[in-house]
Amino acid sequence: MVAARLSGAGDTFGGYRTRLVEQLRAQGIRDLAVLRAFAETPRHLFVPGAIRHRAYEDTALPIGGGQTISRPLTQARYLVALRFTGQERVLEVGTGSGYQTALLAAVAAQVFTVERVRELAEAAQQLLRQLPLSNVSMLLGDGTLGWSAYAPYDAIVVAAGGPTVPPPLIGQMADGGRLLMPIGPAQAQVLTLVERTPGGVRHTSLGDASFVPLLGEHGVDA
Ligand code: SAH
């Protein structure tokens, strides 16, 4: 377990992390695997040093390059909505800091993550290597194209918003697969669950969202 492994190595944030987990529970997150992922994942390692003391606040925080690490409650809702059993192969579009990648690695079997900004991808890779995780693979590139080499995916998490789901991502979903993405224009995104069933593709709205733009070939015009 990450928490156990880090506690002996100068992890003085355990109490804050426990409080964050309690806040998530108080706000309706009941999925034990999801709560455990937050309890085990050291968010303070994924935020810039200058704001490390704020790492366990339930807020989005800047991670450099105009990007943000999402609010924990939002990330928790993402994980709950995808109904992980621990068996899934997951594609994440937008590694960012790598924090959500680590959460996904705790609740799914294998995580494939794609980031287009080299500095973010390299920083995330370095951090993820320090954690006792062996189920994360990372690609530097345009995530709107997916990662065809390892498709199909049982779950796809798009951590940035755009007008429509990039068609390659639909193509890389397994039958019965689930995809989450904030869909819509910048100021009016709707977090949308897309499920691929034998009868077609079904969209369910899960509420308003506010994410950075999904750039790239099938994303927002840069
Ligand atoms: N969940 C992340 C935050 C993601 S912010 C965390 O926990 O830190 C959204 C990320 O998506 C940014 O890092 C941005 O660079 C990335 N992104 C935007 N468009 C992308 C694309 N087409 N392919 C891959 N990554 C993209």
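Select arginine 43 first and display its surroundings: beyond its neighbours within four places in sequence, arginine 43 is in contact with Arg54, Ala55, Tyr56, Glu57, Thr59, Ala60, Leu61, Ile69, Ser70, Arg71, Pro72 and Tyr99, contact meaning heavy atoms within 4.5 Å. The model is a predicted one, in which local features need pLDDT of at least 70 and side-chain atom pairs count only at pLDDT 80 or more, while totals for chains, interfaces and linings use all residues. Residues are numbered from 1 along each chain as its sequence is written, and side-chain values use heavy atoms, with hydrogens and water left out.

Arginine 43 belongs to the loop that runs between helix H3 (32-40) and strand E1 (61-64); helices (H or I, at least four residues) and strands (E, at least two) are DSSP runs, numbered from the N terminus. Next, add glutamate 57, whose backbone oxygen lies 3.2 Å from a polar atom of the arginine 43 side chain.

Move to H3 and select Val34, Leu35, Ala37, Phe38 and Glu40, which are buried (under 20% relative accessible area, with a 1.4 Å probe and protein chains only). At the start of H3, select aspartate 31, where a side-chain oxygen comes within 3.0 Å of the backbone nitrogen of alanine 33.

Finally, select proline 152, in the loop between strand E5 (136-140) and strand E6 (153-158). Leaving aside neighbours within four places in sequence, proline 152 is in contact with Arg89, Gln172, Met173 and Ala174. Add aspartate 175 to the selection: proline 152 and aspartate 175 are 23 residues apart in sequence and 8.5 Å apart in space, C-alpha to C-alpha.

How values were computed. Polar contact = N/O pair within 3.5 Å; in protein donor to acceptor, adjacent residues only side chain to side chain. Buried < 20%, exposed > 50% of the residue type's maximum accessible area, 1.4 Å probe, protein only.
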